[in-house]
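Good morning, and thank you for coming. I would ask you to look at the structure on the screen while I describe how its parts are arranged.

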Amino acid sequence: MNTMTSTPPDRLKWILWLNTIAETMIAIGMFSMPASFFPGAADLSASIARAFAFAILAVAFISFSATAKGTSLGTLKNVVLILLVYHALQLIAQFVNGAMFPPMLVPPVVIHTVFTTLFAIYHLKLRRTGA
């Protein structure tokens, strides 16, 4: 599809692809190197990280499911809103956790800030197009 004539929802689907790839890579890393993701939880780190890895794969699947060509604008809008809320709440959780159990881990804060911003922009574009 030509980007000049494509609708804003189509032009911004790269955000869904980026989220799908990032979440999948994080899940694989968390599953294969659990202690790297939960350094303070020595004995439980592996089981906690592996459980989180499967939850993160579910988020990747949600993102991936909206990339299909036949996805309705209403479904796309709902998925983008779900992912916006997910990343915003994860970002808040990083600050709460960092305040309660310092130090704050910077990589998750950066990741969730970037995706919260991207999904907020995407959501606003979808609302403006009347989707």
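Let us begin with the length of helix α2, which has 20 residues; at 1.5 Å a residue these should span 28 Å. The C-alpha atoms at the two ends of α2 lie 29 Å apart, which agrees with that expectation. Please keep in mind that this is a predicted model.

Now the wider setting. The protein contains six helices and zero strands, and its pattern along the sequence reads α-α-α-α-α-α. Of its 131 residues, 32% count as buried. Among the contacts with a separation of 6 or more, 67% are accounted for by residues 24 or more positions apart.

I return to α2, which occupies residues 13-32. Which residues of α2 are buried? They are K13, I15, L16, N19, T20, A22, E23, A27, G29 and M30. An α-helix has 3.6 residues a turn, so residues three or four places apart point the same way. With that in mind, let us consider the partners of this helix.

Two packed helices are described by the angle between their axes and the distance between the axes. The first partner I shall discuss is helix α5, residues 73-100. The axes of α2 and α5 come within 12 Å and cross at roughly 50 degrees. The two helices are therefore oblique to each other, and their crossing is left-handed. On the α2 side, the contact is made by K13, L16, N19 and E23; on the α5 side, by L76, V79, L83, Y86 and H87. Sorted by class, this contact of α2 with α5 has five nonpolar, two polar and two charged residues.

The next partner is helix α6, residues 106-128. How do α2 and α6 run relative to each other, and at what angle do their axes cross? The axes come within 10 Å and cross at roughly 155 degrees, which makes α2 roughly antiparallel to α6. This crossing of α2 and α6 is left-handed. From α2, the residues K13, W14, I15, L16, L18, N19, A22 and I26 take part, and they meet I111, F115, L118, F119 and Y122 of α6. By class, the contact of α2 with α6 has 11 nonpolar, one polar and one charged residues.

I now turn to a pair that does not involve α2. Helix α4, residues 45-65, packs with α5 at an angle of about 150 degrees, and their axes are 10 Å apart. α4 and α5 are therefore roughly antiparallel to each other, and α4 passes α5 in a left-handed crossing. Here I56, V59, I62 and S63 of α4 meet V79, L83 and Y86 of α5. The classes in the contact of α4 with α5 are six nonpolar, one polar and no charged residues. V79, L83 and Y86 of α5, which meet α4, also take part in the contact with α2.

Finally, I draw your attention to a single residue of α5, namely L81. Is L81 buried or exposed? Its relative accessibility is 35%, so L81 counts as partly exposed. The C-alpha atoms of L81 and F119 are separated by 7.4 Å, although these residues are 38 residues apart along the chain. F119 is also one of the α6 residues that α2 meets.

Note on methods. Residues numbered from 1 in each chain as written. Predicted model: local features only at pLDDT ≥ 70, side-chain atom pairs only at ≥ 80, totals over all residues. Heavy atoms only, no water. Axes fitted to C-alpha atoms, helices over the stretch in contact; angles between N-to-C directions. Helix = DSSP H or I, 4+ residues; strand = E, 2+ residues; numbered from the N terminus. Parallel < 35°, antiparallel > 145°, perpendicular 65-115°, else oblique. Left-handed = near helix turned anticlockwise from the far one by under 90°. Contact = heavy atoms within 4.5 Å. Nonpolar A, V, L, I, M, F, W, Y, C, P; charged D, E, K, R; others polar. Expected span 1.5 Å × (residues − 1). Buried < 20%, exposed > 50% of the residue type's maximum accessible area, 1.4 Å probe, protein only.
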